Amino acid sequence: MAAEVEETLKRIQSHKGVIGTIIVNSEGIPIRSTMENSLTVQYSGLISQLNDKARSTVRDLDPTNDLTFLRIRSKKHEIMVAPDKEYLLIVIQNPNE
Amino acid sequence: MFKASEVSFDAIGFKSCWKGKSKLAENGTQCEPLKVAEHETQTIGHDEKESQTDPEREVTVAAPDAAVKPSLVAFVVRAAALVLGELERADKSRAFDGYQLIEEDDDQPVRRLFTLRLGAKPADKSQSSMQVACLSWSSTGSVVAVGYGASEHESWCEHSTTLALWNVNRKDLNVNQPYNKLELRSCVSYVRFHPSEPSMLAVGMVTGEMQLYNLSREDDPFLGSTAAVIQGHREPISALHWLARSAGYGLVSASRDGKLLVWKYSEAKQQLQLTKKFQLMADQLPRAAGRRAGRADSEAGLTALAFSHDNPDQFLLGSEGGGIFLCSFASEVPITAVTGDRVEGLLNPVNLHVRAAPGPGADAAMLPVPPQYLRVGRLRQ
């Protein structure tokens, strides 16, 4: 089981341009990460907050709706967030490569 | 042998030559009584304060050996599929094709639009020593008049210069070739367009002569000059100002000979006529300006002129010694004790000496909100 998780993460990480992958639990604590610690902690805290906000926005607009994917494109990176009830998968990619 | 009666038993003594009787004297001392004082102090009250940093919650990534929940596995599998799909789409996406990041450089507040040159190259030596002496924008904001002058004059100015005019809003703007040129007999020291009529131009020269041009007249824009007026300026003109008049054109000129003259243009005679004369005297300059004037009645050169927006009679004069004076046209105080031919009709315009600072003033401007003013000075070199 652990191997399956690792293998999937490795598959994502090996994609073109991916800088890092983080799995965050519902408390905002990172469980798995391919990046260094301080950056991981920063990303997980900030992105969980953003995820909560985005989710509440979607549900406020339409209570039957729910957030399925969140994508933030900045000058240097693209951050992709796949939310879940308990976990959060964050992938950081450099799209210009 | 010895007879008892002849013997005397007196003791004989003799004093010692080295041993003397020791002298004894009695004396007593006693120390003064000690001074003792008692003091007490006590703190009135005291406070206790404690501080402590909050213990930081250390957040670290959980060790990879921690138990892996099956829900985690399921989540990862599902989410990974989603993310990989998105990554593929991002690769193939053409949404950002041709998307260029907005450059940060556009936030620069000032951009250079044109560089205007009189000629593509300095044609001859006399041209190359010509510097831009002054410039003025027309009231419509599209024509700029640039006056050239030599940087230094040793004696009388004998250069002939051109006054170049560029229209920056025309499509055929050639930055190296002005669309109109006026030939002048000497170097220009000040140029000013009329504030509401875009074709009227006043030119002040280094010789003290002033000329008036009407640029809308194609054949001969020259309207009039002050060269013939005897009581005109003799030193370079430092500032010109158009007066708003009901009829005709009025000008105020200030020059380095300390005179401030008010002119009126008469169409009939095609010349500028003097209406009022003012003069700034050297004894009005502040002592702190460090100027050692030879004569108390010599004049002080004017370097700047600025008119008040509210009161058309009030204006500021900047002088060579660094003084700024608030003056008014309504002043009727005559100048006394002036020698030579400057006696007639000269008036002292100064109402109030505003401020002095050492160093020659170069320019001054008055802000619309009264009574504030700006002074730009040039340091002594």
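Student: What makes Glu78(A) and Arg73(A) a salt bridge?

Tutor: In this predicted model, the side chains of Glu78(A) and Arg73(A) come to 3.0 Å, N to O. The cut-off for an Arg nitrogen and a Glu carboxyl oxygen is 4 Å, so the pair qualifies.

Student: Why is Glu78(A) called buried?

Tutor: Its relative accessible area is 3%. Buried means under 20%, so the label fits.

Student: And Arg73(A), how do you know whether to call it buried or exposed?

Tutor: Neither word fits, because Arg73(A) has 34% relative accessibility and counts as partly exposed. That class runs between the 20% and 50% limits.

Student: Which residues are in a network with that pair?

Tutor: Shared salt-bridge partners join Arg71(A), Arg73(A), Glu78(A) and Glu86(B) into one network. Within it, Glu86(B) and Arg71(A) meet at 2.9 Å, N to O.

Student: Why does the pair of Glu86(B) and Arg71(A) join two chains?

Tutor: Because Glu86(B) sits in helix H1 of chain B, while Arg71(A) belongs to strand E3 of chain A. As for burial, Glu86(B) has a relative accessible area of 10%, so it is buried, and Arg71(A), at 33%, is partly exposed.

Student: How many salt bridges cross the interface of chain B and chain A?

Tutor: The rule finds two. Asp84(A) with Arg78(B) makes a salt bridge there too, the closest N and O atoms being 2.4 Å apart. Four residue pairs are also in polar contact across the interface. On the side of chain B that touches chain A, the residues split into 21 nonpolar, two polar and six charged.

Student: How much area do the two chains bury between them?

Tutor: About 2900 Å², with 71% of it on carbon and sulfur atoms. Chain B brings 29 residues to the contact and chain A brings 34.

Student: What makes up the largest nonpolar core?

Tutor: There are 21 residues in it, and those touching the most other members are Ile12(A), Ile23(A), Leu89(A), Val91(A), Phe75(B), Val83(B) and Leu87(B). Helix H1 and strands E1, E4 and E5 of chain A, along with helix H1 of chain B, each supply at least two residues. H1(B) gives the most, with nine. As a general point, nonpolar side chains in soluble globular proteins tend to be buried together.

Student: Which residues does Leu87(B) contact, leaving aside neighbours within four places in sequence?

Tutor: Leu87(B) touches Ile12(A), His15(A), Val18(A), Met80(A) and Gln93(A). A second, separate core has 17 residues, including Ala254(B), Leu305(B), Leu317(B) and Cys327(B).

Student: Why is Ser238(B) called buried?

Tutor: Its relative accessible area is 12%, and buried means under 20%, so Ser238(B) makes the cut. Ser238(B) lies in strand E9 of chain B, residues 237-243. Beyond its sequence neighbours within four places, Ser238(B) contacts Tyr190(B), Ala254(B), Ser255(B), Arg256(B), Leu302(B) and Thr303(B).

Student: How many salt bridges does the rule count over all chains?

Tutor: Seven. One of them is Arg55(A) with Asp66(A), where the closest N and O atoms are 3.2 Å apart. That pair links distant parts of the chain, eleven residues apart: Arg55(A) is in helix H2, and Asp66(A) is in the loop between H2 and strand E3.

Student: What makes Arg55(A) partly exposed?

Tutor: Arg55(A) has 30% relative accessibility, and partly exposed lies between the 20% and 50% limits, so the term applies. Asp66(A) is also partly exposed, with 33%.

Key. Residues are numbered from 1 along each chain as its sequence is written. Chains are lettered from A and ligands numbered from 1 in the order in which they are written. This is a predicted model: local features need pLDDT of at least 70, side-chain atom pairs count only at pLDDT 80 or more; totals for chains, interfaces and linings use all residues. Side-chain values use heavy atoms; hydrogens and water are left out. Contact means heavy atoms within 4.5 Å. Buried area is the accessible area (1.4 Å probe) that two parts lose on being put together, summed over both. A polar contact is a pair of N or O atoms within 3.5 Å; within protein, one must be able to donate a hydrogen and the other to accept it, and residues adjacent in sequence count only if both atoms are side-chain atoms. Ala, Val, Leu, Ile, Met, Phe, Trp, Tyr, Cys and Pro count as nonpolar, Asp, Glu, Lys and Arg as charged, and the others, Gly among them, as polar. A nonpolar core is a set of buried Ala, Val, Leu, Ile, Met, Phe, Trp, Tyr and Cys residues joined through side-chain atoms within 4.5 Å. Buried means under 20% relative accessible area, exposed over 50%, partly exposed in between (1.4 Å probe, protein chains only). Helices (H or I, at least four residues) and strands (E, at least two) are DSSP runs, numbered from the N terminus.
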